[in-house]
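User: I am new to this structure and would like a close look at one part of it, the sheet and what packs around it. Please take me through it step by step, and explain the terms as they come up.

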Amino acid sequence: MNIELKKIEQDEIVKAFFMQKKGFLPTYLKYFDKINPIFKSYSAFKKKFVNENIIWFFIVYNGIKIGEIEIEFKQDFVHISDFFILSEYQNQGVGQQVLKYINNMFSDYKHWHLMTIKQEKRNCHLYEKFGYMKTNLEIPINKRMTIIEYERKL
């Protein structure tokens, strides 16, 4: 499997914005959550690209852009957010390869953090496989969805 991460450049922001809408639409249709990235405006999305503490990547599989991941460098930890793989490329081990890739790319960082949907057992399993541990933080969003926090300290 040939996975790479390609930093999203200024001239690719519009494409990344619409790809994110496509990537998170199935999640919205499953949970009907109002915090879904599909509700993010283009101006809010674009602001992330001028933040020097955030790097946004396309996930590239055999030359095809199939998802995105955002890495934000906070004062004492690294935060993963807006990580998605387009539905037609899911369940092929891509997520696992992406996490291996970022672990290697940012191996100097020892404290990692992310939030995910508690009901998405496959995602939870993936993060736990990579050493992420659930914290006690759970945020109920609606009757269908709860967001939980994971962290990994090396």
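Analyst: A good place to begin is the pairing of β6 and β7, which run in the antiparallel sense over 5 bridges; strands here are DSSP runs (E, at least two residues), as helices are (H or I, at least four), numbered from the N terminus, and two strands pair if DSSP finds at least two bridges between them. The model is a predicted one, in which local features need pLDDT of at least 70 and side-chain atom pairs count only at pLDDT 80 or more, while totals for chains, interfaces and linings use all residues. Residues are numbered from 1 along each chain as its sequence is written, and side-chain values use heavy atoms, with hydrogens and water left out.

A hairpin of 5 residues joins β6 to β7, and within this pairing Pro140 stands opposite Thr146 in β7. Of the 8 residues of β6, the number buried is 0, so this strand lies largely in the open; buried means under 20% relative accessible area, exposed over 50%, and partly exposed in between, with a 1.4 Å probe and protein chains only.

On to the sheet as a whole: 7 strands form an open sheet with mixed pairing, in the order β1-β2-β3-β4-β5-β7-β6. Its edge strands are β1 (3–7) and β6 (133–140), each of which pairs on one side only. From one strand to the next the twist averages 25 degrees, where axes are lines fitted to C-alpha atoms, for helices over the stretch in contact, and angles between N-to-C directions run from 0 to 180 degrees. Strand β7 (residues 146–153) is also joined to β5 by 7 bridges, the two running antiparallel, and Thr116 stands opposite Ile148 in β7.

Helix α4 lies across β4 (78–85), β5, β6 and β7, and runs at about 165 degrees to β5; contact means heavy atoms within 4.5 Å. Two packed helices are described by the angle between their axes and the distance between the axes. For α3 and helix α4 (residues 121–129), the axes come within 11 Å and cross at roughly 35 degrees. In this crossing α3 passes α4 in a right-handed way, a crossing being right-handed if the near helix is turned clockwise from the far one by less than a right angle, and left-handed if anticlockwise. The residues that meet are Gly95, Gln96 and Leu99 in α3 and Leu126, Tyr127 and Lys129 in α4. By class, this contact has 3 nonpolar, 2 polar and 1 charged residues, where Ala, Val, Leu, Ile, Met, Phe, Trp, Tyr, Cys and Pro count as nonpolar, Asp, Glu, Lys and Arg as charged, and the others, Gly among them, as polar.

Aromatic rings complete the view. Rings of Phe, Tyr and Trp (its six-membered ring) pair if their centres lie within 6.5 Å, and planes under 30 degrees apart count as stacked, over 60 as edge-to-face and the rest as tilted; by this rule the count comes to 17 aromatic pairs. The rings of Tyr28 and Phe32 have centres 5.5 Å apart and planes at 75 degrees, so this pair is edge-to-face. Those of Phe73 and Tyr109 have centres 5.1 Å apart and planes at 45 degrees, so that pair is tilted. The tilted pair links distant parts of the chain, with Phe73 in strand β3 (residues 64–73) and Tyr109 in the loop between α3 (94–105) and β5 (111–117), 36 residues apart. Phe73 is buried at 16% relative accessible area, whereas Tyr109 is partly exposed at 38%.
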